[in-house]
Amino acid sequence: DTVDSITPDKVRGLRDMLNSSAMDIMYYTSPLYRDELVMGLQQELNRLYTLFCSRNPEFEEKGGKVSIVSHSLGCVITYDIMTGWNPVRLYEQLLQKEDEELEDSWTSYEEQRLLEELYLTKKRLREIEESLQELRASTISKPPVLKFKVENFFCMGSPLAVFLALRGIRPGNSGSQDHILPRTICNRLLNIFHPTDPVAYRLEPLILKHYSNISPVQIHWYNTTNPLPYEHMKPSFLNPTKEPTSVTESESASTVPSPTTSPVMVRRHYGESITNIGKASILGAASIGKGLGGMLFSRFGRSSTNTPQTPEAGKEGAEGDDKKGPTVGTPPLPHSSSGCLEPTVELEHRIDFELREGLVESRYWSTVTSHTAYWSSLDVALFLLTFMCKHDQEGGEKSNLDSI
């Protein structure tokens, strides 16, 4: 209760929300609590897996796969458990870098002599530590941190990208996921976020820099008719005013189509309004019987009362976007290249997946509620099932997911 005792009473509701949603990050960066949090989650993951295998003894024999769904700081803790990242290693690297800089700088004779002596002492210390570790490894077989390999690692509302950036991760020249999470540890990394979630950040620009100007993949509405498979979606520009660095300004005007004029994929900007007064009033009138709660329906998906499963609804999802403008976009078809980016280097597979905003919602209110609403989203539920059941479909009849 120490944190509660030092929290001012004014705007107490907002402060309590920040304490419950953001304070855990401060705990995790504290050396007093970090190891306790890591060990607690690690033991719980192994306990649940052991319990599941005891109740399903054929799971491992049949090659069962394990996926982890993490939320917020849980994504960072799980990542550190899988990769074995330790802040002590980063601190040692910084000290070594400082020593190298000191050696290159001008020093007096006495100072140089002491630095050489310090260098030899540290070198000898490292040799002793390595010998001790080899001796322990030969006598005691250290069990793996996790008792299972992770097939899919789903991050929801994740600040992992910020942590990696502060740890020195910078974009590379390869589109491989191994740049931030090796495939030997986790087969697939997927970052799910709502556009107004203040805690969530993108991961793709940490792998390839030019992906900061490429739209994240739009997650389908749960009731979309015949959705296009995610692996068939083409990259498209996030901001049409920016042009790729590989194309000159003169070429871009004539050869690169703008996503805003694409008849296939029309995507709004983050700064644009997602609705207008007329549309809001129509939807509000239709929902007046349900009160205010009916007006502010699902921020992650359209209400079933407003999107009946009729041929007109399917037509609206596939063709109606030309009439609606930038409100809701549909992904480009595989054979169309309009508004799509063809970079010289592409990611092996997409990592950032963005939920769609509701047709009627306050963006400020959504900022407060979006970070905790992933668990109740039907769009997220279908997205998880799509990727977790993907291998079964590829190995079987490759049936679509409409029945799920």
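These legends walk through several close-ups of one predicted model.

A note on the model before the views. Local features are given only where pLDDT is at least 70, and side-chain atom pairs count only at pLDDT 80 or more, while totals for chains, interfaces and linings use all residues. Residues are numbered from 1 along each chain as its sequence is written, and side-chain values use heavy atoms, with hydrogens and water left out.

**View 1. The whole protein, with its 17 helices and five strands.** Helices (H or I, at least four residues) and strands (E, at least two) are DSSP runs, numbered from the N terminus. Of the 404 residues, 38% are buried; that word means under 20% relative accessible area, with exposed meaning over 50% and partly exposed in between (1.4 Å probe, protein chains only). The accessible surface comes to about 24200 Å², and carbon and sulfur atoms own 58% of it; areas come from the Shrake-Rupley method with a 1.4 Å probe, and for residues only the protein chains shown count as cover. Take the contacts with a separation of 6 or more: 79% of them join residues 24 or more positions apart. Contact here means heavy atoms within 4.5 Å.

**View 2. Where the predictor is less sure: residues 241–338 and 397–404.** The average pLDDT of the protein is 74, and 63% of the residues score at least 70; pLDDT is the predictor's confidence in each residue, from 0 to 100. Over residues 241–338 it stays under 50, and the model has 151 contacts beyond four places in sequence for that stretch. Residues 397–404 are also below 50, with nine contacts in the model beyond near neighbours in sequence.

**View 3. The open sheet, in the order β1-β2-β3-β5-β4.** Five strands make up this sheet, and the pairing is parallel; two strands pair if DSSP finds at least two bridges between them. At the edges sit β1 and β4 (217–218), each pairing on one side only. Zoom in on β3 and β5 (residues 352–354) and you'll find three bridges in the parallel sense. One detail to pick out is phenylalanine 193, whose bridge partner in β5 is glutamate 354.

**View 4. Helix α4, residues 34–55, from end to end.** This helix has 22 residues and reaches 32 Å from its first C-alpha to its last, close to the 32 Å expected at 1.5 Å a residue (the expected span is 1.5 Å times one less than the number of residues). Arg34, Val38, Gln42, Leu45, Asn46, Tyr49 and Cys53 are its buried residues. Seen down the axis, they fall within an arc of 90°, so they line one face of the helix; the arc is that of the directions from the helix axis to the C-beta atoms. Over on the other side, Glu36, Ser54 and Arg55 are exposed.

**View 5. Helix α6 (residues 73–83), mostly covered.** Nine of its eleven residues are buried, among them Cys75, Tyr79, Asp80 and Met82. The buried residues of α6 pack against three helices and three strands by name: α3 (23–29), α4, α9 (160–166), β1 (66–71), β2 (150–156) and β3 (186–193). Right after the helix comes glycine 84, with a positive phi near 75°.

**View 6. Serine 72, in the loop between β1 and α6.** Its phi is near 55°, a positive value in a residue other than glycine. Serine 72 is buried, with a relative accessible area of 5%. Leaving out residues up to four places away in sequence, serine 72 touches Met156, Gly157, Ser158, Pro159, Val199 and His371.

**View 7. Alanine 200, in the loop between β3 and β4.** At 14% relative accessibility, alanine 200 counts as buried. Beyond residues up to four places away in sequence, alanine 200 touches Gly157, Ser158, Phe193 and Tyr374. Cysteine 155 is 45 residues away from alanine 200 in sequence and 9.4 Å away in space, C-alpha to C-alpha.

**View 8. Valine 11, in the loop between α1 (2–5) and α2 (12–21).** Here phi is near 40°, a positive value in a residue other than glycine. Valine 11 is exposed, with a relative accessible area of 56%.
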